[in-house]
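Dear colleague,

I am handing over the structure we spoke about, and I would be glad if you could look through it with the notes below at hand.

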Amino acid sequence: MYILGISSYAHESTCSLIKDGEVRIVLEEERFNRKKHTMEYPRYAIEKCLAMEGITIEDVEEITFFWKPQREVTGNIKHVLKYFPASLNLLKGRPQGNELPFVKRVVSMQNVGQTIKRHFSLSQAPRVEFVEHHLAHAASAFFVSPFEDAAILTIDGRGESTSTMMAVGRGNKIKKIKEIKVPHSLGHLYAGLTDYLGFMPFFDEWKVMGMSAYGKDAYVKDFEDVVKIDESGEYRLNLKYFKFHTHGQSCWLSDAFMEKFGPKRVPNSDYDQRHFDIAFALQAMVERAGVALAKKVYDITGLPNLCMSGGVALNCLMNKRIIEQTSFENYFFQPIANDAGTTFGSALYYYHQVLDKPRQHPFKSVYLGNTFDNDEIERVLKDKKVQYKKSDHIAKETARHIADGKIVGWFQGRMEAGPRALGNRSITIDPRDAMMKERLNERVKRREFYRPFAPSVLEERVDDFFIRPKGNMSPYMILIADVREDKKEIIPAVTHADGTARFHTVNKDVNPRYWELISEFEKITGVPVLLNTSFNENEPIVCTPEQAVDCFLRTEFDVLAIGDYLVVKG
Ligand SMILES: [Fe+2]
């Protein structure tokens, strides 16, 4: 039985295909239409999904959607009444960035069946099952987790009107325990401060997290008044510091916030220590709130297993604290924790919760995207008129280039779903030289100096270099480890200012070719670690060989290892 899960018109437009409860394909529309964080109907992703599986839309028995628009309408009416009359300003608010106006968005969501009908010229619109957003997040984690029973915690900006949900999963059912509603939202808190620090909310939270490592404890005490965490483990935003709940997302913070913490940073202007200290305080409060919530759901459920999802669950520093400071024994941080994951989450919710089907397919990897064979790749190389050669030992030859200080694009196998490149659409360099990081930034990535680069490490050797939080592996680069004191000088390019690293443990069975690349690098250098960053240049991660070659030619990479082919710049 095929179920197609779709997200659109809000955050990462994505489509997933599940077959008999197994997540087969997850494709983000941005990889195809090349618009970062696109909210458009995922036309190309849906078409590719069906083509990859060799089926048509008629073979899909059910379509699920990651949001319940009617629930949002009800929630918004309550919200406007609660904050009346200041909330009348919301009616004047203009959408930000590529966001749709509220009415247009809700109508588009509600009519997604009609859009599918037009897209495929169907005689009638297919039935669409609208799934509550946080239940879709919860389902995306629990139903693919290795646990029979688990506590579930989902945290994001908002889904309909919910920002945080606690639930319990038992067998093939999820039961909601508690919800926190907007405006009390850790995701919106982070978005508001991202805007305050001169970045794009919902896009650039990574930058703020990176900045926090350069901050000092100057404002944490003051932030305790901004985010109130009560003894029961719940949090509330002190609304005197906020304005978005009455004036919309073009106006996140109030005058009271500016008076207390100073003016907003002008985008692209210089930084001063205050900006880093505010990022530090924000991060500290999000970690505290996350730990408090996790402790609370532990106390309620008494279960040893925790599943987490939602955009805020991509905050790997918070995840580290949760592991360190809660009594759970086992953790599953679903790696496609942003809204892309709610596509298979909504589909799995329907399959298990509604149809009562048993669970059989735990999550194996994020390699759920499209793939290209050597013939397809060679055709592209010929079309692009680049000099290339076929290698019988692509991992070995590429490792030699990396050890020689080259910047290497590594394009292999099925594309990763979710925000992280995990060795199939990656750029890799030698982590032993801190200057390599500067070179990578100057020539390809152009990142701010405070943003860390992450290491991929052979699973067998991880403990020689990193202190894993409570012994957890990090196959999806969603956890933080402390770098061992005696190894910081050996891998400076991937050791952040605070001595940590967002580590990626590479398993031989899950990604044999990438494992082999690191292993060959270790044979040359004695270091079983590579710096790994996504294969792109201020654009969505590359998806096709054409995009990979174009990115390679446009930027200043040295080597492209694509399938079994090597392209070396002269
Ligand atoms: Fe979400």
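What follows is a short account of a metal site and of a sheet.

Please keep in mind throughout that this is a predicted model. In it, the iron ion is coordinated by two histidines, His133 and His137, each through NE2, and by two aspartates, Asp156 and Asp339, each through OD, with distances of 2.2 to 2.3 Å. Along the sequence these donor residues follow the spacing H-x3-H-x18-D-x182-D. The two histidines both belong to helix H6, which covers residues 133–142, and because they are four residues apart there, about one helical turn separates them. Both His133 and His137 are buried.

As for the geometry, the angles among the four donor atoms run from 89 to 173°, and the site is classed as irregular. Since a tetrahedral assignment would require all angles to lie between 85 and 135 degrees, the upper end of that range, 173°, does not fit it.

Turning to the sheet, five strands form an open arrangement in the order E8-E7-E6-E11-E12, and their pairing is mixed. Strand E8 (173–181) and strand E12 (330–333) are the edge strands, each of them pairing on one side only. With direction ignored, neighbouring strands of this sheet are turned against each other by 20° on average. Strand E7, made up of residues 162–170, pairs with E8 in the antiparallel sense over eight bridges, and Arg170 stands opposite Lys173 in E8.

With best regards

How values were computed: Residues numbered from 1 in each chain as written. Predicted model: local features only at pLDDT ≥ 70, side-chain atom pairs only at ≥ 80, totals over all residues. Heavy atoms only, no water. Donors = N, O, S within 2.8 Å, 3.2 Å for Na, K, Ca; no water. Tetrahedral: all angles 85-135°; square planar, octahedral: opposite > 155°, others 65-115°. Buried < 20%, exposed > 50% of the residue type's maximum accessible area, 1.4 Å probe, protein only. Pairing = 2+ DSSP bridges. Axes fitted to C-alpha atoms, helices over the stretch in contact; angles between N-to-C directions.
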